[in-house]
Amino acid sequence: MARTGRPRSGPDLVVTDAQRRELVRGARAATSTQAYALRCRIVLACAEPGAFNTHVAAEVGVSAMTVRKWRNRFIEYGLAGLADEPRPGRPPSILLDQVQQVVEMTLEQVPADATHWSRSAMAGRSGLSKSTVGRIWRRFDLKPHLADGFKISTDPLFVEKVVDVVGLYHNPPERAVVLCVDEKSQMQALDRSQPVLPMMPGMPERRTHDYARHGTTSLFAAFNIADGTVIGELHRRHRATEFRKFLTSIDKTVPAELDVHVVCDNYATHKTPMVQQWLAAHPRFHVHFTPTGSSWLNQVERWFGLLTQQLLRRSVHKSVAALEKDVRDWVDQWNTNPRPFVWRKTADEILDSLARYLQRISGAEH
């Protein structure tokens with residue numbers, strides 16, 4: 001007579017509190033292999049009341065035979081039964097526990113005499129070779145020698161300003177021009193103490209590490225998001241007076257029949273009574289402020305990066321006038337073949353990404 005009813009789940013599987021903590025850790029830890037994490041999830045699912053092999057298989061995404069195998073292995077051997085069976089041939093020289101130890105120390109500790117691990121320091125601590133430590137770090141994409149920076153805006157109007165500025169990028173108003181405005185301040189005219197040695201086959205360009213300063217200047221720039229053209233103006237000083245003069249230059253350059261939407265940061269010179277009075281007298285100008293500490297929202301900052309990379313970083317100038325001439329020539333050359341930037345992220349995508357990042361770093365603090 002054929003059997004009827006639901007298939008048996010197999011032998012009873014009991015998980016202690018200590019075993020459950022280790023299973024949850026193994027299922028989530030970054031140091032677990034995918035196979036071991038899967039086995040931990042299988043056992044955790046089997047430990048639920050009334051868990052049948054077929055149901056667990058469907059939940060985890062494996063076959064019922066696989067569920068039966070690891071259920072029985074755990075019942076017979078406990079946590080040790082979830083490890084890989086010994087394979088024929090030479091045993092691995094580096095054990096999984098040693099790999100896990102290196103990864104955990106890299107993530108959770110620092111050496112006593114430094115702010116971060118080096119390969120030699122980790123090798124001395126773990127007993128492994130420096131090359132082995134390097135392979136483990138590459139395998140888990142760990143780079144203790146690198147540190148990146150970040151700044152989270154505390155602007156109470158952060159969301160509103162992001163939506164406003166990004167909305168301009170994606171849907172600029174009709175019969176209007178959108179200009180990203182800022183100042184590249186304190187550009188230094190630097191002259192190396194000795195002549196620069198030109199590049200030769202097999203040898204890069206070389207320059208002395210010391211230099212003489214010959215003064216500074218500031219570039220006021222307005223980047224047109226539609227066509228990439230730039231309105232630029234150089235001033236030796238960097239005050240509200242110079243910013244007002246630059247707004248006047250924009251007013252003369254942009255056709256009178258177009259409104260002007262200006263995206264700028266919260267720098268004090270952009271908000272003085274003098275500037276506010278000028279804006280009130282020119283109603284076609286509409287100012288949109290980026291959130292505090294969020295200069296990445298202003299497209300002209302990306303253009304300033306190109307200016308720095310292609311001209312300022314390796315230039316040599318014996319006077320401020322020489323620097324200003326080169327900057328004007330560079331801006332004029334840019335405007336002969338302007339290139340607008342393509343802003344792809346929507347405001348919702350930016351805010352969602354920031355929310356995920358905040359959730360991740362807040363979890364790391366506990």
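1. In this predicted model, a good place to begin is helix α4, where Met65 and Glu76 are exposed on the side of the helix away from its buried residues. Those buried residues are Val67, Trp70, Arg71, Arg73 and Phe74, and, because they fall within an arc of 165 degrees when one looks down the axis of α4, they line one face of the helix. As background, an α-helix has 3.6 residues a turn, so residues three or four places apart point the same way.

2. As for its extent, α4 covers residues 64–77, which makes 14 residues, and the helix reaches 20 Å from its first C-alpha to its last, close to the 20 Å expected at 1.5 Å a residue. Just after α4 comes glycine 78, whose phi is positive, at about 75 degrees.

3. What do the buried residues of α4 pack against? Their partners are α1 (17–28), α2 (34–46) and α3 (53–60).

4. Turning to another part of the model, the largest nonpolar core contains 27 residues, and Met187, Leu219, Trp303, Leu307, Val327 and Trp330 are the ones with the most contacts inside it. Two or more residues of this core are given by each of α8 (158–170), β1 (176–192), β2 (211–224), β3 (230–235), α11 (299–312) and α12 (320–336), with α11 supplying the largest share, seven residues.

5. Valine 327 deserves a separate look, since a student can trace its contacts one by one in the structure: leaving aside residues up to four places away in sequence, valine 327 touches Met187, Leu219, Leu234, Leu311 and Leu312. Among these partners, Met187 and Leu219 are also listed with the residues that have the most contacts inside the core.

Methods. Residues are numbered from 1 along each chain as its sequence is written. This is a predicted model: local features need pLDDT of at least 70, side-chain atom pairs count only at pLDDT 80 or more; totals for chains, interfaces and linings use all residues. Side-chain values use heavy atoms; hydrogens and water are left out. Helices (H or I, at least four residues) and strands (E, at least two) are DSSP runs, numbered from the N terminus. The expected span of a helix is 1.5 Å times one less than its number of residues. Buried means under 20% relative accessible area, exposed over 50%, partly exposed in between (1.4 Å probe, protein chains only). The arc is that of the directions from the helix axis to the C-beta atoms. Contact means heavy atoms within 4.5 Å. A nonpolar core is a set of buried Ala, Val, Leu, Ile, Met, Phe, Trp, Tyr and Cys residues joined through side-chain atoms within 4.5 Å.
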